[in-house]
Amino acid sequence: MKKEETVKLISAEGFEFVIDKKAAMVSHTIRNMLTSPGGFAETQLGEVTFPEISTPILEKICQYFYWSLQYTRTALHGCQPPIFLLPTAHGCIYAVDPIEDSCGPKNRACL
Amino acid sequence: MSAQKKRNFKIEAFKHRVEVDPKYAEKTWKILEHAIHEIYNHNASGLSFEELYRNAYNMVLHKYGEKLYSGLVTTMTWHLKEIAKSIEAAQGGLFLEELNRKWGDHNKALQMIRDILMYMDRTFVPSNRKTPVHELGLNLWRDNIIHSHKIQTRLLDTLLDLIHRERTGEVINRGLMRNITKMLMDLGSSVYQEDFERPFLEVSASFYSGESQQFIECCDCGDYLKKAERRLNEEMERVSHYLDAKSEAKITSVVEKEMIANHMQRLVHMENSGLVNMLVDDKYEDLSRMYNLFRRVPEGLSTIRDVMTSHLRETGKQLVSDPERLRDPVDFVQRLLDMKDKHDKIISIAFNNDKTFQNALNSSFEYFINLNNRSPEFISLYVDDKLRKGLKGVTEEDVEVVLDKVMMLFRYLQEKDVFEKYYKQHLAKRLLSGKTVSDDAERSMIVKLKTECGYQFTSKLEGMFTDMRTSQDTMQGFYASQYSETGDGPTLAVQVLTTGSWPTQPSAPCNLPAEILGVCEKFRAYYLGTHTGRRLTWQTNMGTADIKATFGKGQKHELNVSTYQMCVLMLFNSADRLSYKEIEQATEIPAADLKRCLQSLACVKGKNVLRKEPMSKDIAEDDAFYFNDKFTSKFIKVKIGTVVAQKESEPEKHETRQRVEEDRKPQIEAAIVRIMKSRRVLDHNSIVTEVTTQLQSRFLPNPVVIKKRIESLIEREFLERDKADRKLYRYLA
């Protein structure tokens, strides 16, 4: 992957997740962050730090991004995409909200 | 855990772990306030978006949204006031540039601020009915900068001054203007309209009012229109470059009003260069420009149309009343055709083939053609001239073109029945003398008349053609039959005319020479043998003859003469000298005709086969005539004075007119009876209107004549007057 097409998400513990920019842009907030005019630190360095989000949660979030990218189009055609699993033990459910800014797609938690 | 399985999970907002700190809100706000300052000071590079976003998010979540919002308003306002000061301080030309630059900066800052305060914008703002951040930023800019009393007037004055300079020929920075007007539009269309557009339109109105006054004093019509067009295009171009598109209609209507609408009358009536001069001189470009400009203003086109109509009527009236013109009918009609052509061309090139102008042209022609009551006669003479010689050698399409043009004039005639009468006369003369240039052209004309006026109009004319054809067949039959003997008798060519179809002329007496009589009787016998129950009358005033004559030195000539002339000449076979009286007695030709006939034989240079004593031009009772032995001519065949269709003399004119009037009476009566039969009861005025409508394709009936006809019908018991109401009439079955 080319450097320009990627962005680095850093968790509270310092884990670095390098993902496609396209995937990261699924989140409106990250999208605004990266496209805002003026020289915010994030845009310049190409990396976003989340000091309040733990590593496993951030990992799940990155998986969600890819899942969303892959199956949004399928959903538009009316097919049912595979269910995205959110393990409750991690308290993951709560993490979806601030990044998405909305009550994202209906995820059914399964054990 | 298993109990939780069945529950639907509620998605709640993520709560960061925060300390319970009484000063929490204040601290967080301070961070954000500092960030806003840095943004306005172009120092944003060090800031972390994520941190700021998180802080704003937390404030809203913990119910400090109001503090955040009002803090934002205060901070932004403070910054804007500072910016206002720096703009006010700018000198002269730099004022607009400074304003433009600061506006760009503000927009950028606004976007950054909105991005980090996104959460508030989406949750707190709508639920508390606050103005969203972006809109808030625009409103604050508007209130603190644009409407600051020092900047407001200065801005407007600068803009108007630049526009004025550009109008007087200077070059200005259009890009900068564009940005400024776009800024005003972004702030709201009411800002644009109130702070710029309305004063702009007022100033433009007074500018153009002054300029148009100046131009009209010193320019002629064509130049003025050029200038007006130029200004109009300029304004439209100005709008496209740096004003809002919606202003185009408004500014163009200002220019149209000031430069065109206010001066319309003066332009059109301008001496030496106004509309009439343009029409006369075929100034297509100027006329086209006038049309396009005047089209934009109310009453513009009707002004042009009215002036054109009155000009046409004047010119036409002069044309038809000018005694000089009336001498030559063919020329008269040609001039009418030329006038129509000229104006058709003007309408198609300059006036965009506008139908209303076509109609104005038609109504004007209709008006003045009918001012002269000889128009039908003259038009018929024109066609006669064309069909005799004018269309010689012309292609079929061109023939159609000429005839179509004549038909156009024919349509304008109100007295079409007069035309019919004359056309019949002229056609008869053409057919009988064999002088028509092309049979196809004749037929084409008949077809056109039929299309225009219906079968009735042309049935008699077609009858004339049929007679000619039938006569040819009859002649062939005659010569093939036993009745004709080959011998040295004269060869006879007879045309048998059906009385109803041909223009009636009373047949005058005429003593034919014996040789002729013989062969004529033979024909009569033949004809009556095949067609019983018919009566034949020789029309000696319409015939022609070819005579072989031998003159003094033995030179032989073949003379083509009329029947009357032939009778006179044959007398000289048995006498050398004859007096007028003797000739009159012998031939029994009526005096007027005889005089004309002798004149053409004796008094016309180059055609004088007879010699007259005395050598005067007029024929007197005691003149004597001699066979002119000394007659010479270059040609073997000499044609002597065939009667050409001329325009009628006064008495002839009266006679024709009277006949037309007589013919009209039964037509009017027939119309009245038709109407009353279907309506049963009708009042006087309605009858008059109905009759006029029914007959208008042929002629315009005189209401007095209609009244007389009604009275005549009452006498003859076709109608009766109502006993109660004198104005009402009743049909009697």
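This note comments on selected local features of chain B in a predicted model.

1. Helix α26 of chain B, residues 563-571, is largely enclosed by the rest of the structure, because eight of its nine residues are buried. The buried residues are B:Thr563, B:Tyr564, B:Gln565, B:Met566, B:Cys567, B:Val568, B:Leu569 and B:Met570. The cover over these residues includes helices α25 (514-530), α27 (580-587) and α28 (591-602), together with strands β1 (544-550), β2 (556-562) and β4 (610-613), of chain B.

2. Helix α25(B), part of that cover, also packs against α24(B), residues 455-480, with the axes 11 Å apart and at an angle of about 105°. The two helices are therefore roughly perpendicular, since angles of 65 to 115 degrees are classed in this way. On the α24(B) side the contact is made by B:Thr474, B:Met475, B:Gly477 and B:Phe478, and on the α25(B) side by B:Val519, B:Lys522, B:Phe523, B:Tyr526 and B:Tyr527. Of the residues in this contact, six are nonpolar, two polar and one charged.

3. Two residues deserve a check of their backbone angles. B:Asn352, in the loop between α18 (329-349) and α19 (355-369) of chain B, has a phi near 60°, a positive value in a residue other than glycine. B:Glu588 is likewise not a glycine and has a positive phi of about 60°. B:Glu588 lies in the loop between α27 and α28 of chain B, two helices that also help to cover α26(B). With a relative accessible area of 41%, B:Glu588 is partly exposed, because the value falls between the 20% limit for buried and the 50% limit for exposed. As background, most residues other than glycine have a negative phi, and most peptide bonds are trans.

4. A cis peptide bond links B:Glu613 to B:Pro614, with omega near -10°. B:Pro614 belongs to the loop between β4 and β5 (624-627) of chain B.

5. Strand β9(B), residues 728-731, has antiparallel partners in β7(B), residues 681-683, and in β8(B), residues 719-721. Three bridges are found in the pairing with β7(B), and three in the pairing with β8(B). A hairpin of six residues connects β8(B) to β9(B).

6. The side chains along β9(B) alternate: B:Tyr729 and B:Tyr731 point to one face and are buried, whereas B:Leu728 and B:Arg730 point to the other and are not. Each of these tyrosines can be placed against a neighbouring strand: B:Tyr729 has B:Leu682 opposite it, and B:Tyr731 has B:Leu719 opposite it.

Definitions and conventions
Residues numbered from 1 in each chain as written. Chains lettered and ligands numbered in written order. Predicted model: local features only at pLDDT ≥ 70, side-chain atom pairs only at ≥ 80, totals over all residues. Heavy atoms only, no water. Buried < 20%, exposed > 50% of the residue type's maximum accessible area, 1.4 Å probe, protein only. Helix = DSSP H or I, 4+ residues; strand = E, 2+ residues; numbered from the N terminus. Contact = heavy atoms within 4.5 Å. Axes fitted to C-alpha atoms, helices over the stretch in contact; angles between N-to-C directions. Parallel < 35°, antiparallel > 145°, perpendicular 65-115°, else oblique. Nonpolar A, V, L, I, M, F, W, Y, C, P; charged D, E, K, R; others polar. Pairing = 2+ DSSP bridges.
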